[in-house]
Amino acid sequence: MDNDRQESRGSQGSERSAGSRDGSAPGRGRAVPHPPRDPFHAHEAFLVLLRAQRVWDIDLPSFDPATAPGAPLPLFQQWFAEAVAAGQPEPHTMTLATVDDDDRPDVRTLMLHDADAHGWHFASHSTSAKGRQLAAHPDAALGFYWAAQGRQIRVRGPVTPAGPTESLADLHARSTGALAAALTGAQSEVLGSRAELAHASAVAWERARTEPAASAPTWTRYVLEPREVEFFQGDAWRQHVRLRYRRATGSVQGGDGWVRELLWP
Ligand SMILES: Cc1cc2nc3c(=O)[nH]c(=O)nc-3n(C[C@H](O)[C@H](O)[C@H](O)COP(=O)(O)O)c2cc1C
């Protein structure tokens, strides 16, 4: 039984009050007990903990899609600012989904470097798993989840790598740690031992400190050009609002070249 079904046993009113507005729900903000060692009881304990978790159990903002702008970028930037103001931890992190040569999906977390008229920007090694996947299948999806406001944003579209100059400028605009990480290299390769990493990392940190203009040849900035962007506003009554922007084609023109449509939640 999933959490949603378990919650839906009660009325919607009791469903809302069953949670932890006062922070007292099990599993929230409490010391974590050691799970039982035997697999059966460990799984039972896990399920108890899992089912005690709540979602959309805080005061959520309302979102009227009728007031949404004609293009997704201003709304993304507005929601980002609101996520920061709401105290959402690390709102600039997102999941990036790609597919590999066998058409198997892959996903990982990355930092958002920018969102502008060109698209959503991020950076990584072109030689990493994701870099190789993007070279072979230059289409991807990004996902943001901002729990502080029950908001999710999905972005899909083709991905283009920037050239070495732009990629290096992007890297040098970031921290010494980011440069050291990029200089460490070999991302996604099998690591022989932690000691190997410790050594390579120490060398990279030293170089990043003494040579801040050092280049990391495989470090690449990418831009995902949005073809579809969906904004999801969670609602305690499960009347979630889903607003999808689709790039308009041919004669089907929406505001700013986008078609806006609501989706069933
Ligand atoms: C919060 C967070 C931020 C991350 N940011 C980046 C990033 O900006 N670029 C990057 O290459 N990896 C980043 N990573 C590491 C990736 O999630 C991933 O482990 C790594 O890129 C290797 O992925 P791959 O093997 O699929 O290519 C981040 C991880 C976390 C948890």
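In this predicted model, 14 residues surround the ligand. Those that come nearest are Ser-124, Ser-128, Ala-129, Lys-130 and Ser-188. Three elements, E2, E4 and H5, each give two or more residues to this shell. E2 gives the most, with five residues. By type, the shell divides into five nonpolar, six polar and three charged residues.

Helix H5 spans residues 129-136. Its buried residues are Lys-130, Gly-131, Gln-133 and Leu-134. These cover an arc of only 165 degrees around the helix axis, so they sit on the same side of H5. Strands contribute to their cover. Among them are E1 (93-99), E2 (105-111) and E4 (119-125). Strands E5 (139-146), E6 (151-161) and E7 (219-224) also take part. Lys-130 thus appears twice: it is one of the residues that come nearest to the ligand, and it is one of the buried residues of H5.

Helix H3 presents another case. It runs over residues 39-51 and has 13 residues. From first C-alpha to last, H3 reaches 18 Å, close to the 18 Å expected at 1.5 Å a residue. The number of its residues that are buried is zero, so H3 lies largely in the open.

Thr-184 belongs to helix H7 (residues 176-184). Thr-184 has 19 other C-beta atoms within 10 Å. A buried residue needs 20 or more, and an exposed one has 12 or fewer, so Thr-184 counts as partly exposed. Leaving aside residues up to four places away in sequence, Thr-184 touches Ala-200, Ser-201 and Ala-204. Arg-207 is 23 residues from Thr-184 in sequence, and their C-alpha atoms are 10.0 Å apart in space.

Technical notes
Residues are numbered from 1 along each chain as its sequence is written. This is a predicted model: local features need pLDDT of at least 70, side-chain atom pairs count only at pLDDT 80 or more; totals for chains, interfaces and linings use all residues. Helices (H or I, at least four residues) and strands (E, at least two) are DSSP runs, numbered from the N terminus. Two residues are in contact if their C-beta atoms, placed from the backbone, lie within 7 Å. The arc is that of the directions from the helix axis to the C-beta atoms. The expected span of a helix is 1.5 Å times one less than its number of residues. A residue is near a molecule or strand if its C-beta atom, placed from the backbone, lies within 6 Å of it. Ala, Val, Leu, Ile, Met, Phe, Trp, Tyr, Cys and Pro count as nonpolar, Asp, Glu, Lys and Arg as charged, and the others, Gly among them, as polar.
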